[in-house]
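Please look over the sequence and the three-dimensional structure shown here, and keep both in view while reading. The paragraphs that follow move from single residues to the chain as a whole.

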Amino acid sequence: MDSWGTLKMPLAMGGVRRKSGRKGFIQGLVKRLVAERDVARFVVAPSGFGKTSLGLEYAASMFSFRGVHWLDCSSPCFLRDLDAGIIAKTLIARPAQLDLVVFDDVPFLADARSECFSHEIDALLEAGCEVLVTTTPAFGAIADAQRDCV
């Protein structure tokens, strides 16, 4: 935990005992995500460690995929919409239920884009939406820009 109260949860170490292989490990991490639902949650791990699987398990367990909006951040459309500053505004304005937004596979973002992304997350949290971000260690520094996150 750092001076801002940020708890970073490395997926590989997670502090969660394996119950019965990968499924038990993911279920243990889901329990940790449930503990802090009013802050952004960042899942940071190398490719292939199950970040997307964890996000899917969380969305299924907590929301049965209702009110869940999944953004594939590896798409160039993510950067286009981030640069335009319209991600949160567009999601909040939609008539569909908005309970959880998963930003999956967020790429490295330079400082200006990282700050814009932080503002988008803040807007979603202020609207009462949960936010889950998956990324690799190269981009894990975005968590430092969030006042409160797990």
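Ser64 is partly exposed, because its relative accessible area is 44%, a value that falls between the 20% limit for buried residues and the 50% limit for exposed ones. The model in which this residue sits is a predicted one, and in it Ser64 belongs to the loop between helix 2 and strand 3, the strand that covers residues 68-72. The backbone of Ser64 has a positive phi of about 50°, although this residue is not a glycine. Phe65 is found in the loop between helix 2 and strand 3, and its phi, near 65°, is likewise a positive value in a residue other than glycine. Phe65 counts as partly exposed, because its relative accessibility is 46%.

Phe65 also leads to a feature of the surface, for together with Leu56 and Trp70 it forms a nonpolar patch. The accessible area of these three residues together is about 280 Å². Leu56 has its place in helix 2, which runs over residues 51-63, and it counts as partly exposed because its relative accessibility is 39%.

It helps now to step back to the whole chain. How many helices and strands does the protein chain have? There are 6 helices and 5 strands, and when the chain is read along its sequence they follow the pattern β-α-β-α-β-α-α-β-α-β-α. Of the 150 residues in the chain, 43% are buried, while the accessible surface comes to about 7800 Å², with 55% of it belonging to carbon and sulfur atoms. If one takes the contacts in the chain with a separation of 6 or more, residues 24 or more positions apart account for 78% of them.

One example of residues that are far apart in sequence is given by Asp38 and Val131, which are separated by 93 residues along the chain and yet by 8.5 Å in space, from C-alpha to C-alpha. Asp38 is found in the loop between helix 1, residues 21-35, and strand 2, residues 41-44. Asp38 counts as exposed, because its relative accessibility is 62%.

The charged side chains come next. Side chains of opposite charge can pair when their charged atoms come close. The structure holds 4 salt bridges, and one of them joins the side chains of Arg37 and Glu130, with a distance of 2.6 Å from N to O. This pair links distant parts of the chain, since Arg37 lies in the loop between helix 1 and strand 2, whereas Glu130 lies in strand 5, residues 130-135, and the two are 93 residues apart. Arg37 is partly exposed because its relative accessible area is 31%, whereas Glu130 is buried because its relative accessible area is 7%. Arg37 and Glu130 also belong, together with Arg41, to a network of salt bridges.

Another salt bridge is made by the side chains of Asp83 and Arg113, which meet at 2.7 Å from N to O. Here too the pair links distant parts of the chain, with Asp83 in helix 3, residues 76-84, and Arg113 in helix 5, the two being 30 residues apart. Asp83 counts as partly exposed because its relative accessibility is 48%, and Arg113 counts as partly exposed because its relative accessibility is 30%. A salt bridge is also formed by Arg80 and Asp81, whose closest N and O atoms are 2.9 Å apart.

Helix 5, which covers residues 111-126, is also the place of Glu120. What is the nearest side chain of opposite charge to Glu120, and how far away is it? The nearest is Lys89, at 7.4 Å; a salt bridge would need a side-chain nitrogen within 4 Å of a carboxyl oxygen, and therefore Glu120, although buried, has no salt bridge. A polar atom of the Glu120 side chain does, however, lie 2.5 Å from the backbone nitrogen of Ala88. Leaving aside residues up to four places away in sequence, Glu120 touches Leu82, Gly85, Ile86, Ile87, Ala88 and Lys89, so that Ala88 and Lys89, already met above, are among the residues in contact with Glu120 under the limit of 4.5 Å between heavy atoms.

Technical notes. Residues are numbered from 1 along each chain as its sequence is written. This is a predicted model: local features need pLDDT of at least 70, side-chain atom pairs count only at pLDDT 80 or more; totals for chains, interfaces and linings use all residues. Side-chain values use heavy atoms; hydrogens and water are left out. Helices (H or I, at least four residues) and strands (E, at least two) are DSSP runs, numbered from the N terminus. Buried means under 20% relative accessible area, exposed over 50%, partly exposed in between (1.4 Å probe, protein chains only). Lys and Arg count as positive and Asp and Glu as negative; His and the chain ends are not counted. A polar contact is a pair of N or O atoms within 3.5 Å; within protein, one must be able to donate a hydrogen and the other to accept it, and residues adjacent in sequence count only if both atoms are side-chain atoms. Patches are made of residues with over 30% relative accessible area and no salt bridge: like charges are joined within 9 Å, nonpolar side chains (Val, Leu, Ile, Met, Phe, Trp, Tyr) within 5 Å. Accessible areas come from the Shrake-Rupley method with a 1.4 Å probe; for residues, only the protein chains shown count as cover.
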